[in-house]
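The following exercises are to be worked through with the sequence and the three-dimensional structure at hand. Each task is followed by a solution in steps.

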Amino acid sequence: MAPLRHSVLALATLGLTAALTTPAAAAPVPVDVTYGATYVRGDLTFTNRSVSFTGTYRSVSPTDCRRAWFGTLDGDGKLLAARSTGTLCNGIRAINTTVPADVRGGAGSVLVCLDNGSAAPLKCVEYKRP
């Protein structure tokens, strides 16, 4: 019985050690990309292999539509992955998305853009990892 108990204790200790050494998500980074009366606002949360965004985007015209775009960048500024919302005309819509950053240490920064309805950038802001 002792070898089995020892193995269970060893596995439990290894699990605890892994949990203690796994990097936690950094504090959320506030985002505000405003272009005229339209915007992308919310919070970015950097984790080990991805970045999550929770917030909203706004369009104030039924004909001048908007999209939100998010791109994770490595430490050298190389694009790792990107996500985009659908087109929004005359309204406010919630965004809850996760963008991969599948490199050691995760993304160094995220480029957040407010695009027009044709996906052409109107304004972009880069947010660094805290």
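**Exercise 1. Salt bridges**

Task: Determine how many salt bridges a search of the whole structure finds, and describe the surroundings of the pairs formed by Arg-41, Arg-49 and Lys-128.

Solution.

Step 1. The model is a predicted one, and a search of the whole structure finds four salt bridges. Three of these are examined below.

Step 2. Arg-41 and Asp-32 meet through their side chains in a salt bridge, at 3.3 Å from N to O. To classify the two residues, recall that partly exposed lies between the limits of 20% and 50% relative accessible area. Arg-41, at 35%, is therefore partly exposed, and Asp-32, at 40%, is partly exposed as well.

Step 3. Arg-49 forms a salt bridge with Asp-102, and the closest N and O atoms are 3.1 Å apart. Asp-102 belongs to the loop between strand 6 and strand 7, whereas Arg-49 belongs to the loop between strand 2 and strand 3, so the pair ties together parts that are 53 residues apart in sequence. Asp-102 has a relative accessibility of 60% and counts as exposed; Arg-49, with 40%, is partly exposed.

Step 4. Lys-128 and Glu-126 also meet in a salt bridge, with 3.4 Å from N to O. Lys-128 is exposed at 57% relative accessible area, while Glu-126 is partly exposed at 38%.

Step 5. As a general background to these pairs, side chains of opposite charge can pair when their charged atoms come close.

**Exercise 2. A four-stranded sheet**

Task: Establish the strand order of the open sheet of four strands and describe how strand 4 is paired within it.

Solution.

Step 1. The order of the open sheet is 5-4-7-8, and the pairing is antiparallel. Its edges are strand 5 (79-84) and strand 8 (121-128), each of which pairs on one side only. Neighbouring strands of the sheet are turned against each other by 20° on average, with direction ignored.

Step 2. Strand 4 (residues 66-73) is joined to strand 5 by five bridges, and the two run antiparallel. Within this pairing, Leu-73 has Leu-79 of strand 5 as its bridge partner.

Step 3. The hairpin of strand 4 and strand 5 has five residues between the strands, and there Gly-77 takes a positive phi near 85°.

Step 4. Eight bridges connect strand 4 with strand 7 (residues 109-116), again in an antiparallel arrangement. Here Trp-69 stands opposite Cys-113 of strand 7.

Step 5. Strand 4 is mostly covered, since six of its eight residues are buried.

**Exercise 3. The nonpolar core**

Task: State which residues have the most contacts inside the largest nonpolar core, and trace the contacts of Val-112.

Solution.

Step 1. The largest nonpolar core comprises 21 residues, and those with the most contacts inside it are Val-40, Leu-44, Phe-70 and Val-112.

Step 2. Two or more residues of this core come from each of strand 1 (29-35), strand 2 (38-46), strand 3 (50-59), strand 4, strand 6 (91-100) and strand 7.

Step 3. With neighbours within four places in sequence left aside, the contacts of Val-112 include Val-40, Leu-44 and Phe-70. Val-31, Val-33, Trp-69, Lys-123, Cys-124, Val-125 and Tyr-127 are also among them.

**Exercise 4. Two residues of strand 6**

Task: Decide whether Ile-95 is buried or exposed, do likewise for Thr-97, and list what each residue contacts.

Solution.

Step 1. Ile-95 is placed in strand 6, as is Thr-97.

Step 2. Buried requires a relative accessible area under 20%. Ile-95 has 5% and is therefore buried; Thr-97, at 18%, also counts as buried.

Step 3. Apart from neighbours within four places in sequence, Ile-95 is in contact with Val-40, Phe-53, Thr-54, Gly-55, Thr-56, Tyr-57, Ala-68, Phe-70 and Thr-85. Under that same exclusion, Thr-97 is in contact with Val-51, Ser-52, Phe-53, Phe-70 and Arg-83. Phe-53 and Phe-70 thus appear in both lists.

Step 4. Ile-95 lies 8.6 Å from Gly-42, C-alpha to C-alpha, although the two are 53 residues apart in sequence.

Conventions: Residues are numbered from 1 along each chain as its sequence is written. This is a predicted model: local features need pLDDT of at least 70, side-chain atom pairs count only at pLDDT 80 or more; totals for chains, interfaces and linings use all residues. Side-chain values use heavy atoms; hydrogens and water are left out. Two strands pair if DSSP finds at least two bridges between them. Axes are lines fitted to C-alpha atoms, for helices over the stretch in contact, and angles run from 0 to 180 degrees between N-to-C directions. Buried means under 20% relative accessible area, exposed over 50%, partly exposed in between (1.4 Å probe, protein chains only). A nonpolar core is a set of buried Ala, Val, Leu, Ile, Met, Phe, Trp, Tyr and Cys residues joined through side-chain atoms within 4.5 Å. Contact means heavy atoms within 4.5 Å.
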